[in-house]
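Reader: I should like to go through this assembly with you, starting with one strand pairing and then turning to the contacts between chains. Could you take me through it?

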4 protein chains.
Amino acid sequence: MPIMEISIVPLGTESASVSGYVADAVKILKEQKGIKYELTPMATIIESDSVRKLLNIAGKMHRTVLKDKIKRVVTTIKIDDRKDKKLTAKGKIKSVQKRLRALNGGF
Amino acid sequence: MPIMEISIVPLGTESASVSGYVADAVKILKEQKGIKYELTPMATIIESDSVRKLLNIAGKMHRTVLKDKIKRVVTTIKIDDRKDKKLTAKGKIKSVQKRLRALNGGF
Amino acid sequence: MPIMEISIVPLGTESASVSGYVADAVKILKEQKGIKYELTPMATIIESDSVRKLLNIAGKMHRTVLKDKIKRVVTTIKIDDRKDKKLTAKGKIKSVQKRLRALNGGF
Amino acid sequence: MPIMEISIVPLGTESASVSGYVADAVKILKEQKGIKYELTPMATIIESDSVRKLLNIAGKMHRTVLKDKIKRVVTTIKIDDRKDKKLTAKGKIKSVQKRLRALNGGF
């Protein structure tokens with residue numbers, strides 16, 4: 001179970017606000033089957049069962065923003081992929097939180 | 001109000017699990033004043049009132065992981081900084097969600 | 001003409017040296033047609049005529065490293081894609097250098 | 001010897017060309033002592049003897065671009081830091097090239 005983080009930045013937009021373009025890209029995630037996603041303040045996190053599927057979705061999101069008036073897009077993708085253990089977005093956060101509690105002397 | 005996303009990856013750790021190292025880095029955030037932070041599945045998001053302060057914290061987190069047995073660390077930092085509007089982690093997500101509702105024909 | 005920057009980090013490798021894994025990933029670039037690539041100290045830069053092709057290659061490189069003994073890989077990809085102008089690796093550097101000369105009072 | 005990769009993207013610039021802003025940021029590197037830097041097609045690579053110094057320079061570059069008319073900047077920084085071996089930009093590339101020659105049956 002790989003996890004992907006993706007952020008898409010349109011350049012040359014006149015306004016410094018780009019949430020409308022981000023929403024266009026996030027919207028297409030609703031039509032994808034077999035994925036989970038969530039928004040963070042800096043990116044979108046997507047879980048799927050293969051890197052191939054994740055990169056295919058990344059390409060779709062990128063092309064969605066690079067259309068009409070937009071002339072240039074910089075897309076950043078990070079994939080965390082692990083073979084020995086099922087990786088989930090929730091599981092990763094829980095794992096760090098558990099360690100934090102241990103560091104703080106909790107049980 | 002700049003926002004920073006930081007992720008710290010230790011190399012050469014024998015185990016592929018690195019949440020303990022991430023927890024060490026996140027722990028020092030509790031001692032910092034005037035910041036807000038939250039964990040995402042792929043990184044930590046930190047809000048503060050200056051880029052200088054954020055980069056100072058990033059350096060501390062980096063050094064915390066690169067200690068003892070750890071010989072190499074790759075740290076990735078992204079800063080989103082805006083002059084014309086107060087940028088907050090919550091505000092950024094709300095802004096995209098509002099646009100998504102508009103795209104979906106909501107009010 | 002999009003340009004992709006890719007860096008692949010294997011986790012849990014015992015040794016902090018990972019150049020052998022990077023070489024495995026770069027090696028498969030020699031078999032790809034219609035691309036140009038170059039190594040930088042922090043990543044590999046690849047030029048091709050479509051984002052689809054670049055992401056396909058990124059997936060191949062990622063899978064090449066995540067094999068045999070390697071249990072976890074973190075891959076970072078950045079794509080710079082521009083519709084209004086042909087983007088090339090050489091052209092991008094030349095463009096900044098030209099601006100630098102202008103800033104320094106050159107001709 | 002840590003190595004930093006930095007890329008600075010201004011938003012809301014009307015034009016999709018941003019090399020002038022990148023040049024402004026790179027220009028200040030000439031005034032810094034004790035560093036080496038080089039341009040790649042996607043970023044600037046900087047070598048120095050401490051992470052503190054590198055992050056200080058990153059902050060300067062960021063602030064240089066976020067001025068005058070520019071209202072928003074997204075800066076991405078990656079630091080590769082190794083304790084057990086002197087890390088240099090040239091050395092990292094040579095190390096991968098050596099491994100590639102070995103893979104190809106060279107000596």
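**Strands, symmetry and contacts**

Author: Let us begin in chain D of this predicted model. Leu39(D) stands opposite Thr44(D) in β3(D).

Reader: In which sense do β2 and β3 of chain D pair?

Author: Strand β2(D), residues 36–39, and β3(D) pair in the antiparallel sense over four bridges. The two strands form a hairpin, with four residues between them.

Reader: And which residue of β1(D) stands opposite Thr44(D)?

Author: That is Ile6(D). Strand β1(D), residues 3–11, pairs with β3(D), residues 44–47, in the antiparallel sense over four bridges.

Reader: What about chain C: how many bridges join β1 to β4 there?

Author: Nine bridges join β1(C), residues 3–11, to β4(C), residues 72–82, and these strands run antiparallel. Within this pair, Ile3(C) stands opposite Asp80(C).

Reader: What is the strand order of the open sheet of eight strands?

Author: The order is β2(A)-β3(A)-β1(A)-β4(A)-β4(C)-β1(C)-β3(C)-β2(C), with antiparallel pairing. The edge strands are β2(A) and β2(C), each of which pairs on one side only. On average, neighbouring strands of this sheet are turned by 20 degrees against each other, direction ignored.

Reader: Changing topic, what turn lays chain A on chain B?

Author: A turn of 180 degrees, with a shift of 0.0 Å along the axis, lays chain A on chain B with an RMSD of 0.0 Å. The two copies are therefore related as by a two-fold rotation axis. In chain A, the C-alpha nearest the axis belongs to Thr40(A), 3.5 Å from it. The same surface serves both copies, as 100% of the contact residues of chain A recur in chain B.

Reader: How many residues of chain A are in contact with chain B?

Author: There are 26 residues of chain A in contact with 26 residues of chain B. On the chain A side, β1, α1, β4 and α3 each supply at least two residues.

Reader: Which of them gives the most?

Author: α3(A) gives the most, with eight residues. The residues of the side of chain A that touches chain B divide into 14 nonpolar, four polar and eight charged.

Reader: Lastly, which residues of α1 in chain B are buried?

Author: In α1(B), residues 19–27, the buried residues are Tyr21(B), Val22(B), Ala23(B), Asp24(B), Ala25(B) and Val26(B).

Reader: What do the buried residues of α1(B) pack against?

Author: They pack against α3 (89–103) of chain A, together with β1, β2, β3 and α2 (51–65) of chain B.

Definitions and conventions: Residues numbered from 1 in each chain as written. Chains lettered and ligands numbered in written order. Predicted model: local features only at pLDDT ≥ 70, side-chain atom pairs only at ≥ 80, totals over all residues. Least-squares fit on C-alpha atoms with pLDDT ≥ 70 in both. Contact = placed C-beta atoms within 7 Å. Buried ≥ 20, exposed ≤ 12 C-beta atoms within 10 Å, placed from the backbone. Pairing = 2+ DSSP bridges. Nonpolar A, V, L, I, M, F, W, Y, C, P; charged D, E, K, R; others polar. Axes fitted to C-alpha atoms, helices over the stretch in contact; angles between N-to-C directions.
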